[in-house]
Amino acid sequence: MGSVRKASAWLGLVDDNDDERYYDDDYTEGTESGDAWVTDPRVKVAADTAEDKGRRIGTVTPDSFRDARVIGELFREGVPVIVNLTAMESADAKRVVDFAAGLVFGLRGSIDRVSTRVFLLSPSDTEIISGDPAAHRSDGFFNQS
């Protein structure tokens, strides 16, 4: 089992014993429109002031594997990206997760599952702080002792 396949199994997208291949060769190179750098309306990025302060997070809800390019462009810029795969078919969702796993490996980032079919891609310079409720109970607001 390859490392990308293991990552997909760990993220809960495929079964560990499932050897079914889901790659299709229908991906075409190049762009379909004349302007490749137009922001996709499904991508939301913070305002310029947030960009100046380094406080941007991108959210992408892809419809097909072709939208993976938008994820890669944002992540290369150092923007954490939330990828919502709930609107995709299972086969394309697996391909996007494989792409994201390769992207974070190549750029030394990390990938975390937020919920079912929703993932956070974090660049290497981003610190993820866990919101573990057990850590807040001992000295938090709800401490009744």
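In this predicted model, 4 strands form an open sheet whose order is E1-E2-E4-E3, and the pairing within it is mixed. Because E1 and E3 stand at the edges, each has a single partner strand, and one side of each is left without a neighbour in the sheet. From one strand to the next, the twist averages 20°.

The word "mixed" can be followed strand by strand. E1 and E2 pair in the parallel sense, over 3 bridges, and within this pairing Thr59 has Ile82 in E2 as its bridge partner. Strand E3, which covers residues 110–115, runs antiparallel to strand E4, residues 118–122, and 5 bridges join the two. Here Ile111 stands opposite Leu121 in E4. E3 and E4 form a hairpin with 2 residues between them, and in the turn Arg117 has a positive phi of about 65°.

Ser122 also belongs to strand E4, and it deserves a closer look. Is Ser122 buried or exposed? With a relative accessibility of 0%, Ser122 counts as buried, because the cut-off for that word is under 20%. If residues up to four places away in sequence are not counted, Ser122 touches Phe75, Gly109, Ser110, Asp112 and Ile128.

The helices come next, beginning with H3, which is mostly covered, since 7 of its 9 residues are buried. These buried residues are Ala68, Val70, Ile71, Gly72, Glu73, Leu74 and Phe75, and the buried residues of H3 pack against E1, strand E2 (81–84), H4 and E4. Just after H3, Gly78 takes a positive phi of about 90°.

One residue of H3 leads into the interior of the model. Leaving aside neighbours within four places in sequence, Ile71 is in contact with Val60, Val81, Val83, Val96, Leu103 and Leu121. In soluble globular proteins, nonpolar side chains tend to be buried together. Which residues touch the most other members of the largest nonpolar core? Of the 23 residues in that core, they are Ile71, Val81, Leu85 and Leu121. The elements that give two or more residues to this core are H3, E2, H4 and E4, and H4 gives the most, with 6 residues.

Helix H4 is also placed against the strands: H4 packs on the sheet, where it touches E2, E3 and E4, and its direction makes about 20° with that of E4.

The last feature to follow is a pair of rings, the 1 aromatic pair that is counted here. Phe65 and Phe99 form this pair in an edge-to-face arrangement, with 6.4 Å from centre to centre and 90° between the planes. The pair links distant parts of the chain, 34 residues apart, for Phe65 lies in the loop between strand E1 (58–60) and helix H3 (68–76), while Phe99 lies in helix H4, residues 90–106. Phe65 is buried, with a relative accessible area of 15%, whereas Phe99, with a relative accessible area of 28%, is partly exposed. The two rings therefore fall into separate classes, because 15% is under 20%, while 28% lies between that limit and 50%. Phe65 has a further partner as well, for the charged end of Arg95 sits over the ring of Phe65, 4.2 Å from its centre.

Key:
Residues numbered from 1 in each chain as written. Predicted model: local features only at pLDDT ≥ 70, side-chain atom pairs only at ≥ 80, totals over all residues. Heavy atoms only, no water. Pairing = 2+ DSSP bridges. Phe/Tyr/Trp six-rings, centres within 6.5 Å; stacked < 30°, edge-to-face > 60°. Buried < 20%, exposed > 50% of the residue type's maximum accessible area, 1.4 Å probe, protein only. Lys NZ or Arg CZ within 6 Å of the ring centre and 35° of its normal. Contact = heavy atoms within 4.5 Å. Core = buried A, V, L, I, M, F, W, Y, C linked by side-chain atoms within 4.5 Å. Axes fitted to C-alpha atoms, helices over the stretch in contact; angles between N-to-C directions.
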